[in-house]
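Colleague: Could you take me through part of this model, with the cut-offs behind each term?

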Amino acid sequence: MNIYVDADACPKVIKEILFRAALRKQLDLVLVANQPLAVPRQPGVRAVTVPQGFDVADKAIVEWAQAGDIVITNDVPLAAGAVDKGALAISPRGQLWTRDNVRQALGMRNFMDELRGAGVQTGGPAAMDQRDRQAFAAQLDKLLVKVPARKIGG
């Protein structure tokens, strides 16, 4: 199992939770972004810089993800691609993406894009708070509880 992170938009506090979880479970953690990222010198943790461009990081994550991997993203199309491949996907706020809710979210996303295109101010998401961090950590723990610790790279 690998954990892939849509790192361009992932909050620092969520990355820190992921660094600790990867170390504890000895999992490979891959942060994908279109700009260089600083990551801790820790076995199994690496940053991959992809070229600039629309959805380049998302496409790379979908290409690399396999059934049973975990993808961390708030990007609905990326979550849909990951779920379609059999990967598990969770948002930085702890929402587990499923085939059902990701399709609903895609519909809502498209609707909101149409509203914004028509000039309607839709606002953005609320700032992350302690409850969001706890929800993420709890959801990640649920996914990792059955994963035995292993040798990194093995």
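The exchange below concerns one helix, its packing and one loop residue.

Modeller: This is a predicted model, in which local features need pLDDT of at least 70, side-chain atom pairs count only at pLDDT 80 or more, and totals for chains, interfaces and linings use all residues. Residues are numbered from 1 along each chain as its sequence is written, and side-chain values use heavy atoms, with hydrogens and water left out.

Colleague: Within what arc do the buried residues of α2 fall, seen down its axis?

Modeller: Helix α2, residues 56-64 (helices are DSSP runs of H or I, at least four residues, and strands of E, at least two, numbered from the N terminus), has Ala-57, Asp-58, Ala-60 and Ile-61 buried, that is, under 20% relative accessible area, with exposed over 50% and partly exposed in between, for a 1.4 Å probe and protein chains only. On the other side of α2, Lys-59 and Glu-63 are exposed. Taking directions from the helix axis to the C-beta atoms, the buried residues line one face of α2, because they fall within an arc of 165°.

Colleague: Which residues of α3 make the contact with α2?

Modeller: The axes of α2 and α3 are 9 Å apart, and the helices pack at an angle of about 10°, with axes being lines fitted to C-alpha atoms over the stretch in contact and angles running from 0 to 180 degrees between N-to-C directions. Contact means heavy atoms within 4.5 Å. Asp-58, Ile-61 and Val-62 of α2 meet Leu-78, Gly-81 and Ala-82 of α3.

Colleague: What is the relative accessible area of Ala-7?

Modeller: Ala-7 is found in the loop between β1 and α1, and its contacts beyond four places in sequence are Lys-15, Leu-31, Val-32, Ala-33 and Leu-37. Ala-7 is buried, and its relative accessible area is 1%.
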